[in-house]
Each structure stands twice: as structure tokens, then as C-alpha cells.
Amino acid sequence: MKIKTNPWMILVAATGIALILLSGSSCTKENDDNTIPTGTFTDPRDGTVYKTVTIGNQTWLAENLKYLPAVFGPGTGSQTEARYYVYGYDGTIVAEAKATANYSTYGVLYNWSAAMSACPSGWHLPTDAEWTQLSTFLGESDAGGKLKETGTTHWNDPNFAATNETGFTALPGGYCFSGVSFTDMGIAGCWWSATEANSSGSWYRGMGSSYSELIKISNFKELGFSVRCIKD
């Protein structure tokens, strides 16, 4: 399959719409409505505490991964070497990057090489098949809406069909485009899979503010996307 260079344009084309955790403490409980099994996981590498959610028979982090062993500016893309980005940050000091609001809210953007080893022990980067299992369980036409955070605090209007009934709370963290610039925060969220499309590209899932689908797309491994880990 031909690899595209602009993930957001692919999202638009795919929908036909012109508008555009092993360690630490963990537990599982039912939400107040007794429908969403939730819990927490503490990453032993940096002490970050994540919310978790079980959807069908899969348990996911309910937040974007924040593991940041190093940080790079957007002009340092690589197809093969691990790259870690924080949206809007152009330096190389991890403590500074972690102090930003975007890191706190949206986590880290990883190129595919970094994403493949970013999840903590007991968790892993979901395969394309595991993403497909999620979208099939939720329903292909509106899986994205069921995964997106509601409202327009983070998502741009209209945040179409967002219900977050799964508790997944997907956020529009944008992406680092070809190691050159940051773009589309508020408009799109992109999450890597562990499955290659070909030697230079891999599959990922995208959600947008103007549609309800969870879109399957492939793109160059050098792009910086968000990561959601799934439990082993």
C-alpha cells in the first residue's frame, strides 16, 4: 500500500468528509454506572500513574503514554532511530519538556522505532489486529465517537458524535509531521500500531474532530504519533 505523507489529509480522504500498565499499584473497579471497568497502573520507570479501562476483553491505558527518556526538536526525524517529541517543544531538556502543559495533557509523540519499545513491562504497543478487535467490538461506523473525550475543551468543534462511553478518553494530541513540524492539535489524534505496512511505513489509527470513525491508515515510521499501551 502506498505510504502517504500527510496523515490528516488521509483521514479526510478516508472518510469523505471535507471538514475537517508491570509494577506499581493497579486495581479494577466499576464506575458509578457499573458499566466501565476501570483501574490504575503505576509505571515503575518514572512513577507516572495512569488510568486504565477494560473494553471487551482488552485492558488499555486510558491516557496517552508519557514515558520520556529523551526529547528531540521537531527537525530531527528518523526512520530508524528512536525519537521522542513533546508537541510545541523545540529543545532537548527532558525536565523542561515535562513541565509543559502539552506534555501534561497529551503525553509524548513517538516515532515508530521509539513507540515499539515505549510501553512498560506487562504492556505492549497494540498490533493492527488488536486495534481492529477494538473497533469491531465497538462498531466500525462510530468506534471513534465512543472513544473520544466529550466536549470541546480539547477537541475542536464539532467533536462529532463524541460520547466517551468506553472511558478511553481519546485526545487530539496532533502529531510531529515527518520530523519537521507539529500540527493538528485539537483536530486529530493518531496512535501507532506495532504492525508494519511495508519497510518504510506502519499502520496506525486516527480520530478526528469532524467524524465518528476510528480510521486505519499507514504512514512513514518517522512521524511522531501518540501511544496507547494494551495489557499483555
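**Salt bridges, cores, a disulfide and a pocket in a predicted model**

With a relative accessibility of 0%, D43 counts as buried. The model in which this residue sits is a predicted one, and D43 makes a convenient starting point for a walk through its charged pairs. The partner of D43 is R45, and the two form a salt bridge whose closest N and O atoms are 2.7 Å apart. R45 differs in its surroundings: its relative accessible area is 33%, so R45 is classed as partly exposed. The bridge thus has one buried end, D43, and one partly exposed end, R45.

The D43–R45 pair belongs to a set of five salt bridges found in a search of the whole structure. Another of them joins R205 to D128, with 2.8 Å between the closest N and O atoms. Because R205 lies in strand β11 (residues 201–208) and D128 in helix α5 (residues 128–138), this pair ties together parts that are 77 residues apart in sequence. Here both partners, R205 and D128, are buried. The pair also extends to a further residue, as D128, R205 and K216 are linked in a network of salt bridges.

A further bridge is made by E196 and K221, whose side chains meet at 2.3 Å, N to O. E196 lies in strand β10 and K221 in the loop between β12 and β13 (230–231), so parts 25 residues apart in sequence are tied together by this pair. What are the surroundings of each partner? E196 is partly exposed, with a relative accessible area of 43%, whereas K221, at 6% relative accessibility, counts as buried.

K221 deserves a closer look. Leaving out residues up to four places away in sequence, K221 touches S78, Q79, N111, W112, W192, E196, N198, S199, S200, G201 and S202. The salt-bridge partner E196 is therefore one of the residues on this contact list, given that contact means heavy atoms within 4.5 Å. The chain also brings K221 and T80 together: these residues are 141 apart along the chain, yet their C-alpha atoms are separated by 7.8 Å.

The nonpolar residues come next. In soluble globular proteins, nonpolar side chains tend to be buried together. The largest nonpolar core of this model holds 32 residues, and those touching the most other members are L65, L68, Y110, W192 and V227. Three elements, α4 (112–116), β10 (188–196) and β12 (215–220), each supply at least two residues of this core. The largest share, three residues, comes from α4. W192, one of the well-connected members of the core, is also among the residues touched by K221.

V227 offers another view of the same region. Setting aside its neighbours within four places in sequence, V227 is in contact with E63, N64, L65, Y110, A115, C119, L125 and W191. Two of the residues on this list, L65 and Y110, are themselves named among the core members that touch the most others. There is also a second, separate core of 17 residues, including I36, I55, A62 and L214.

C119, a contact of V227, has a covalent partner as well. A search of the whole structure finds one disulfide, and this link joins C119 to C229 with an S to S distance of 2.2 Å. The link is left-handed, with -95° about the S-S bond. Distant parts of the chain are linked in this way, as C119 is in the loop between α4 and β7 (123–124) and C229 in the loop between β12 and β13, 110 residues apart. Both ends are buried: C119 has a relative accessibility of 13%, and C229 has a relative accessible area of 0%. Two further cysteines, C176 and C190, are likewise buried; the relative accessible area is 0% for C176 and 0% for C190.

Finally, the model contains pocket space. The largest pocket holds about 300 Å³. Its lining is made by 18 residues, of which K51, A62, E63, G167 and T169 are the closest to its centre. The elements that give two or more residues to this lining are β2 (37–42), β3 (49–55) and α3 (101–106), and α3 gives the largest share, three residues. Two of these central lining residues have appeared above: A62 is a member of the second core, and E63 is in contact with V227.

Key: Residues are numbered from 1 along each chain as its sequence is written. This is a predicted model: local features need pLDDT of at least 70, side-chain atom pairs count only at pLDDT 80 or more; totals for chains, interfaces and linings use all residues. Side-chain values use heavy atoms; hydrogens and water are left out. A nonpolar core is a set of buried Ala, Val, Leu, Ile, Met, Phe, Trp, Tyr and Cys residues joined through side-chain atoms within 4.5 Å. Buried means under 20% relative accessible area, exposed over 50%, partly exposed in between (1.4 Å probe, protein chains only). Helices (H or I, at least four residues) and strands (E, at least two) are DSSP runs, numbered from the N terminus. A salt bridge is a side-chain nitrogen of Lys or Arg within 4 Å of a carboxyl oxygen of Asp or Glu. A disulfide is a pair of cysteine sulfur atoms within 2.5 Å. On a 1 Å grid over the protein atoms alone, a cavity is a set of points where a 1.4 Å probe fits but cannot get out, and a pocket is an open set with protein on both sides within 12 Å along at least five of seven lines; lining residues have an atom within 4 Å of a point. Grid points are joined across faces, edges and corners, and a volume is the space filled by probe spheres set on the points.
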